[in-house]
Amino acid sequence: MKILLVDDEKKFVMMLSKRLALRGIDVDYAFTGEEAMAKIENKKFDVAILDVKMPGIGGIELKRKLNGLTPDTKIIFLTGHGSETDYETGSAEAPYYLAKPLQIEKLVEILYEVTE
Amino acid sequence: MIDRFRKAFGAIRPEFYRQKHKHLDHYFTFTNYRKIWAISILVMGTAALVPLIVVTMIHYRLIQESVDSELILRTERVASNARRAVTFFLEERLNALRFTVNEIGYDQLTNPDHLAEILRNLKLGFGGLTDLSVIAQTGIQVAYAGPFKLEGKNYSNQAWFVECQKADFYVSEIFRGYRDVPHIIIAVKSFRPDGSFIILRATLETERLIQSLSSYKTGEHADIFLVNRSGIIQTPSNYYGDTFQKMSLPLPDFSPRTHAVMATDSHMRSIVMGYAFIFPQVCDTPFILMVIKQKAGMMKVWLQLRSNINWFVGFGIMVITVVVTITCTFMVNKLYLADKSKAETMALMEQSNQLASIGQLAAGVAHEINNPLALINETAGYVKDMFMIKEHYRQDEELLENIDYILEAVERCGTITRQLLGFTRKFDVKIQKIKLHDVISDVLIFHHKEAEYRNIKVYVDVPEDIPEIETDRGKLQQILLNLVNNAFQAVDTGCILDIHASAQGSDKVSITISDNGCGMPPENLTKIFEPFFTTKERGKGTGLGLTITYGLVRKLHGDISVESKENVGTTFIITLPVRIQEEVREHENPFGR
């Protein structure tokens with residue numbers, strides 16, 4: 001399974017990538033929306049985990065772009081804010097919307113669920 | 001009796017009298033309402049009563065003065081008339097003697113038979129004459145007609161004879177003679193053709209004079225009598241001494257006219273004293289006419305009137321005092337109630353503001369903490385992952401246990417931050433008509449098992465006629481769920497939970513959730529809606545449940561209040577509007593009003 005992790009919290013992204021890799025998941029990551037777009041052009045991902053609020057291109061906008069480019073890529077939202085607005089827009093846009101801090105087991109479970 | 005009085009006073013006692021709200025004191029505009037009350041009664045009472053009292057007193061004074069001057073005038077008139085009568089009495093008799101002595105020749109006068117004839121005729125004309133005598137220049141009585149044998153008596157050394165030589169006429173004081181009968185001597189001097197003179201003297205009984213005087217006596221408190229120039233009473237007086245004794249009143253100063261003055265007698269009674277010095281045209285007399293009227297008797301009508309006025313004014317003062325007291329009490333009470341409600345609102349607003357700022361701060365902090373928390377979570381998770389992979393560490397249970405502690409702590413922090421963020425969530429209130437009974441039943445389903453297990457009796461009382469309310473079902477459920485949860489945590493096995501709904505007027509409903517659990521001390525009661533306030537064990541509660549509940553109730557345009565008594569129980573009361581204005585309040589703070 002190939003996934004793309006996009007978040008502006010660099011250390012968090014690195015750590016989570018390592019943990020997912022340990023669980024046999026092929027993780028690529030980007031720190032901005034633009035960077036993510038560049039990666040998508042070269043590689044096809046099964047799942048994209050997107051932070052909702054990022055400088056530049058935000059999670060919601062990025063999701064729409066991804067849907068246009070690679071409709072098969074499933075989207076999971078991630079947020080540190082967890083406000084109801086985010087939740088509602090997020091869950092309207094994607095089936096999964098996770099708040100930080102998250103439990104790795106749950107994330108893995110969801111990843112398998114969406115790619116099934 | 002005292003208790004009954006206290007009870008009665010308690011019923012009418014104004015609110016400000018029991019001013020008991022230390023915690024609100026600094027929000028009040030005025031602090032001492034009893035003082036304001038007393039001052040306002042004093043000022044208003046004075047303003048109302050002083051003019052009344054002053055006018056009454058001026059009125060009294062005016063009436064008193066006019067009554068006094070009227071009394072003086074009347075007394076003067078009586079004295080003046082009586083004086084004329086006395087003067088006339090004496091003048092008449094003096095003139096009769098003068099006529100006799102001038103008209104009848106000396107020979108005839110000195111003839112005792114003829115003199116007796118003259119006496120008889122004078123008695124017929126005037127009455128009250130006792131005797132008549134003729135005295136020669138030498139002072140020897142030359143003729144006498146009357147009951148005594150007085151011929152040949154020498155008067156030359158007597159005071160009246162000396163006086164009469166000087167003044168031609170003489171009137172004596174009243175005195176008791178040989179017969180012990182009061183009488184007056186009058187005498188007239190006449191010159192003979194040879195240049196010598198004779199004096200005709202008569203003795204008068206005082207009966208007629210006294211009668212004539214008493215005819216001027218008006219009213220039982222009046223006294224009219226004659227005194228001589230040294231104040232010896234000459235004719236009978238009712239009140240001021242016996243005849244021929246010194247009068248008990250001060251002797252008036254000489255005045256040619258009739259006078260009346262206010263005075264006080266020896267019994268300290270107020271009197272009007274009229275007096276006149278009697279002096280007929282031809283000669284002086286020793287008499288002073290006294291007319292005395294006691295004021296008390298004459299002023300009876302005025303005193304009666306004054307007593308009536310006093311009653312009326314007294315009653316007026318009482319009514320004004322009562323009205324002023326009632327008005328002031330009412331006004332000060334209204335002022336107090338307005339001030340109190342202002343103070344309560346201010347206290348509430350301050351509490352709301354405090355909650356709001358604490359809430360905002362908490363949410364802000366939570367948001368900022370979430371990202372580092374996520375990093376800790378992942379880092380610790382990664383460390384654990386590494387340990388799990390490496391055989392050597394996997395055996396080290398203590399290490400893994402410590403890592404799990406970190407992860408658990410992060411998880412707990414995450415729960416807290418999620419709840420904190422819940423305050424500032426945008427509440428899109430979805431309005432629908434709901435039946436309170438249904439919502440309450442739904443909520444209780446969650447607790448059915450627990451109640452059965454712990455033998456907690458739950459009573460629900462929602463009247464049939466309670467109106468359906470427009471509100472957000474989900475939020476109301478959450479509110480009720482939180483409160484019921486709280487109650488279940490507060491009560492012991494076998495306790496009672498009572499949920500009661502009632503209509504508050506036509507536009508509000510209230511839901512009361514009461515338990516008979518452990519209750520709360522008063523100092524906790526003011527803090528329970530504050531974030532992070534918890535009485536539960538460390539780690540068991542976040543202290544956010546009631547804060548969220550508070551925010552939700554406010555969001556539904558309702559109010560929540562709590563009453564609690566330690567070891568008796570706690571009651572939460574939620575009041576919700578029947579109709580809610582649907583507004584999208586994007587970034588509004590749930591704690592704002």
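These legends accompany several close-up views of a predicted model with chains A and B.

**View 1. Chain A alternates strands and helices along its sequence.** Welcome to chain A, where 5 helices and 5 strands make up the secondary structure. Following the chain along its sequence, you will meet the pattern β-α-β-α-β-α-β-α-β-α. Of the 116 residues in chain A, 41% are buried. Take the contacts between residues at least 6 apart in sequence: 59% of them join residues at least 24 apart.

**View 2. An open parallel sheet is formed by 5 strands of chain A.** Reading across the sheet, the strand order is E2-E1-E3-E4-E5. At its edges sit strand E2 (26-30) and strand E5 (96-99) of chain A, each of which pairs on one side only. From one strand to the next, the twist averages 20°. Helix H1 (residues 10-22) of chain A packs on this sheet and touches strand E1 (2-6) and E2 of chain A. The direction of H1(A) makes about 170° with that of E2(A).

**View 3. Strand E5 of chain A pairs with E4(A), and a cis peptide bond is found at Pro101(A).** Strand E4 (residues 74-79) of chain A runs parallel to E5(A), and 4 bridges join the two. Look for Leu78(A), which stands opposite Leu98(A) in E5(A). Most peptide bonds are trans. The bond from Lys100(A) to Pro101(A), however, is cis, with omega near -10°. You will find Pro101(A) in the loop between E5 and helix H5 (104-115) of chain A.

**View 4. Strand E5 of chain B is largely enclosed by the rest of the structure.** This strand covers residues 197-205, and 7 of its 9 residues are buried, so the description "largely enclosed" applies. Which strand does E5(B) join through 7 bridges? That partner is strand E1 (residues 129-136) of chain B, and the two run antiparallel. Within this pairing, Val134(B) has Leu200(B) as its bridge partner in E5(B). E5(B) also pairs with strand E4 (residues 182-191) of chain B, in the antiparallel sense over 9 bridges. Here Phe191(B) stands opposite Phe197(B) of E5(B). E4(B) and E5(B) form a hairpin with 5 residues between them, and Gly195(B) in the turn has a positive phi of about 95°.

**View 5. Asp168(B) has a positive phi, as does Phe244(B).** Most residues other than glycine have a negative phi. For Asp168(B), phi is near 75°; its setting is the loop between helix H5 (159-167) and strand E3 (169-176) of chain B. Asp168(B) counts as partly exposed because it has 17 C-beta neighbours inside 10 Å. Phe244(B) has a phi near 70° and lies in the loop between strand E6 (222-228) and strand E7 (259-264) of chain B. With 14 other C-beta atoms within 10 Å, Phe244(B) is partly exposed.

**View 6. Helix H13 of chain B has the span expected for its 18 residues.** How far apart are the end C-alpha atoms of H13(B)? They are 26 Å apart, which agrees with the 26 Å that residues 473-490 should span at 1.5 Å a residue. The buried residues of this helix include Leu476(B), Ile479(B), Leu480(B) and Asn482(B); Leu483(B), Val484(B), Asn486(B) and Ala487(B) are buried too. Among the elements covering the buried residues of H13(B) are helix H11 (436-445), strand E13 (496-504), strand E14 (508-515) and helix H15 (545-555) of chain B.

Terms used:
Residues are numbered from 1 along each chain as its sequence is written. Chains are lettered from A and ligands numbered from 1 in the order in which they are written. This is a predicted model: local features need pLDDT of at least 70, side-chain atom pairs count only at pLDDT 80 or more; totals for chains, interfaces and linings use all residues. A residue is buried if 20 or more other C-beta atoms lie within 10 Å of its own, exposed if 12 or fewer, and partly exposed in between; C-beta atoms are placed from the backbone. Two residues are in contact if their C-beta atoms, placed from the backbone, lie within 7 Å. The expected span of a helix is 1.5 Å times one less than its number of residues. Two strands pair if DSSP finds at least two bridges between them. Axes are lines fitted to C-alpha atoms, for helices over the stretch in contact, and angles run from 0 to 180 degrees between N-to-C directions.
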